[in-house]
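Reader: I would like to take a close look at a single part of this model and follow it slowly, step by step. Could you walk me through one helix and the rings around it?

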Amino acid sequence: MRGISTASVGFIWDIDGVIVDSPHEEAWRVTAMEAPWGVDVLSSDFYFSHVASRPRYEGGHNILQLKGVYERLGATTDEQKKALLEKFCTEKNALIRELIEVGKFKLFRDAILLLLKAKSMGIRQAAASASKNARDILTHVPRSRILEELGDDFGVLKEGDSLYSVFDVDVCGIDVGGKRDIQRLAAEQLNILSRGKVKRFMVFEDAPSGIEAAKSLGYFVIGVLRSGREDALHKAGADIVTGDLKMISVEEILQLLQP
């Protein structure tokens with residue numbers, strides 16, 4: 001059987017929770033626990049169900065609404081809620097910028113190895129996070145850190161490059177709507193970049209909402225299980241769920257995308 005051409009395939013990557021274990025969850029949790037917000041518990045299950053893969057203000061609103069913060073702080077009008085949400089999100093974003101600046105986040109070795117290998121094979125790839133901080137995180141991963149932690153960059157990076165340099169398209173944090181719109185824009189830009197050659201897309205997502213968005217667009221999805229429940233990713237529609245991307249090769253992915 002004739003294999004699918006790498007020129008006709010595009011990889012679309014969520015960033016937080018798939019490529020890096022960014023400080024997003026920690027920043028939301030720490031901020032929510034402080035005064036005046038007073039949220040006692042912000043579990044990982046809650047985070048992945050209501051915050052992860054969502055735009056900043058949507059995720060922040062879900063915390064304040066579902067944890068009863070609006071009600072407790074006496075915000076009854078839309079204007080009052082908007083003011084509280086702005087303050088909450090500003091405090092969270094200030095904290096996460098501090099954490100990013102000092103590189104306080106973990107790299108997921110399995111994802112970055114797959115990302116670099118795909119790049120070395122000529123597969124075009126897009127960074128497609130709802131987070132406006134994703135670009136900063138990627139640029140704060142220099143080639144030296146990649147070589148130190150992974151041992152190889154497959155020859156795709158040069159001195160002065162960062163993890164951000166691997167991506168052909170960046171639509172992170174763009175205000176076009178929700179995650180579905182971001183993924184669709186990533187696919188459109190990959191197609192334009194390839195002069196119409198890229199037709200089939202593999203999406204890497206760790207949150208049910210991101211998986212649902214990708215499946216609604218007709219894309220193939222690998223659900224990356226970092227935490228939370230495996231059944232939630234299956235229920236969202238992931239074609240494959242794995243906790244370790246080393247278990248699937250680029251060649252196997254190409255076979256999965258075979259028309």
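**A close look at helix H5**

Author: In this predicted model, helix H5 has a set of buried residues, namely Leu-84, Leu-85, Phe-88, Cys-89, Lys-92, Asn-93, Ile-96, Leu-99 and Ile-100. These buried residues of H5 pack against four other helices, which are H1 (24-33), H3 (56-66), H4 (69-72) and H7 (134-139).

The length of the helix can be checked with a little reasoning: H5 runs over residues 78-101, and because each residue should add 1.5 Å, its 24 residues should span 34 Å, which agrees with the 34 Å between its end C-alpha atoms. After H5 comes Gly-103, whose phi is positive, near 70°.

Now to the rings. The structure holds six aromatic pairs, and in one of them the rings of Trp-28 and Phe-88 have their centres 5.5 Å apart, with their planes at 45°, so the pair is tilted. This pair links distant parts of the chain, since Trp-28 belongs to helix H1 and Phe-88 to helix H5, 60 residues apart. Both partners can be placed by their accessibility: Trp-28 has 3% relative accessibility and therefore counts as buried, while Phe-88, at 0%, counts as buried too.

Elsewhere, a further pair can be set beside this one: the ring centres of Phe-201 and Tyr-219 are 5.2 Å apart and their planes are at 55°, so this pair is also tilted. Phe-201 lies in strand E6 (residues 200-205), whereas Tyr-219 lies in the loop between helix H10 (208-216) and strand E7 (220-224), so the pair ties together parts that are 18 residues apart in sequence. Phe-201 and Tyr-219 are both buried.

Notes
Residues numbered from 1 in each chain as written. Predicted model: local features only at pLDDT ≥ 70, side-chain atom pairs only at ≥ 80, totals over all residues. Heavy atoms only, no water. Helix = DSSP H or I, 4+ residues; strand = E, 2+ residues; numbered from the N terminus. Expected span 1.5 Å × (residues − 1). Buried < 20%, exposed > 50% of the residue type's maximum accessible area, 1.4 Å probe, protein only. Contact = heavy atoms within 4.5 Å. Phe/Tyr/Trp six-rings, centres within 6.5 Å; stacked < 30°, edge-to-face > 60°.
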